[in-house]
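Visitor: Please take one part of this model and look at it closely. I would like to hear about the charged side chains that pair up, and about what lies around them.

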Amino acid sequence: MVGQTSNRLLDPTALFPAMLNVDCLTHGALQCVCGLGWIWTMLKREQIRARFAIPGTSLDDCCISF
């Protein structure tokens, strides 16, 4: 899901978004190695909120991602 979401952010017109990319591998490594995948999720939520003007705060993103 992380790979597809990040790929859609880069190219919204992609019919079949890549499931494996740098964002996916980064999230997986953070989660498997040290259990901190929620940090990557929080950062992506902030990017999505900023891009689509969705109201919320970084604290909201942190609490929801954790």
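**Salt bridges and the pocket beside them**

Guide: Asp61 is buried, with a relative accessible area of 0%. Since the model is a predicted one, what follows is a reading of computed coordinates.

Asp61 has two partners to describe. With Arg49, the side chain of Asp61 meets in a salt bridge of 2.9 Å, N to O. Asp61 belongs to helix 4 and Arg49 to helix 3, so this pair ties together parts that are 12 residues apart in sequence. Arg49 is buried, as is Asp61. The salt bridges here share partners, and they join Arg45, Arg49 and Asp61 into one network.

The other link in that network is between Arg45 and Asp61, where the closest N and O atoms are 3.2 Å apart. Arg45 lies in helix 3 and Asp61 in helix 4 (residues 58–65), so the pair connects parts that are 16 residues apart in sequence. Burial is another matter for this arginine: Arg45 counts as partly exposed because its relative accessibility is 31%, and the range for that class runs between 20% and 50%. Asp61, at 0%, is buried because the cut-off for that class is under 20%.

The count by the rule used comes to 3 salt bridges. One of them lies outside the network described above: the side chains of Lys44 and Asp23 meet at 3.1 Å, N to O. Lys44 is in helix 3 (residues 37–52) and Asp23 in helix 2 (residues 22–34), so this pair ties together parts that are 21 residues apart in sequence. Lys44 and Asp23 are both buried.

Lys44 and Arg45 also turn up in another setting. Both are among the residues that line the largest pocket, which has a volume of about 180 Å³. The rest of that lining is Met1, Val2, Thr5, Ser6, Leu9, His27, Trp40, Thr41 and Ile48. Helix 3 gives the most to the lining, with 5 residues. Helix 1 (2–10) and helix 3 each supply at least two of the lining residues. By class, the lining has 5 nonpolar, 4 polar and 2 charged residues.

To draw this together, Lys44 has a salt bridge to Asp23 and Arg45 has one to Asp61, while both Lys44 and Arg45 help to line the largest pocket. Arg49 is joined with Arg45 and Asp61 in the network.

Definitions and conventions:
Residues numbered from 1 in each chain as written. Predicted model: local features only at pLDDT ≥ 70, side-chain atom pairs only at ≥ 80, totals over all residues. Heavy atoms only, no water. Salt bridge = Lys/Arg side-chain N within 4 Å of Asp/Glu carboxyl O. Helix = DSSP H or I, 4+ residues; strand = E, 2+ residues; numbered from the N terminus. Buried < 20%, exposed > 50% of the residue type's maximum accessible area, 1.4 Å probe, protein only. 1 Å grid on protein atoms, 1.4 Å probe; cavity = no way out; pocket = protein on both sides within 12 Å on 5 of 7 lines; lining within 4 Å. Points joined across faces, edges and corners; volume = space filled by probe spheres on them. Nonpolar A, V, L, I, M, F, W, Y, C, P; charged D, E, K, R; others polar.
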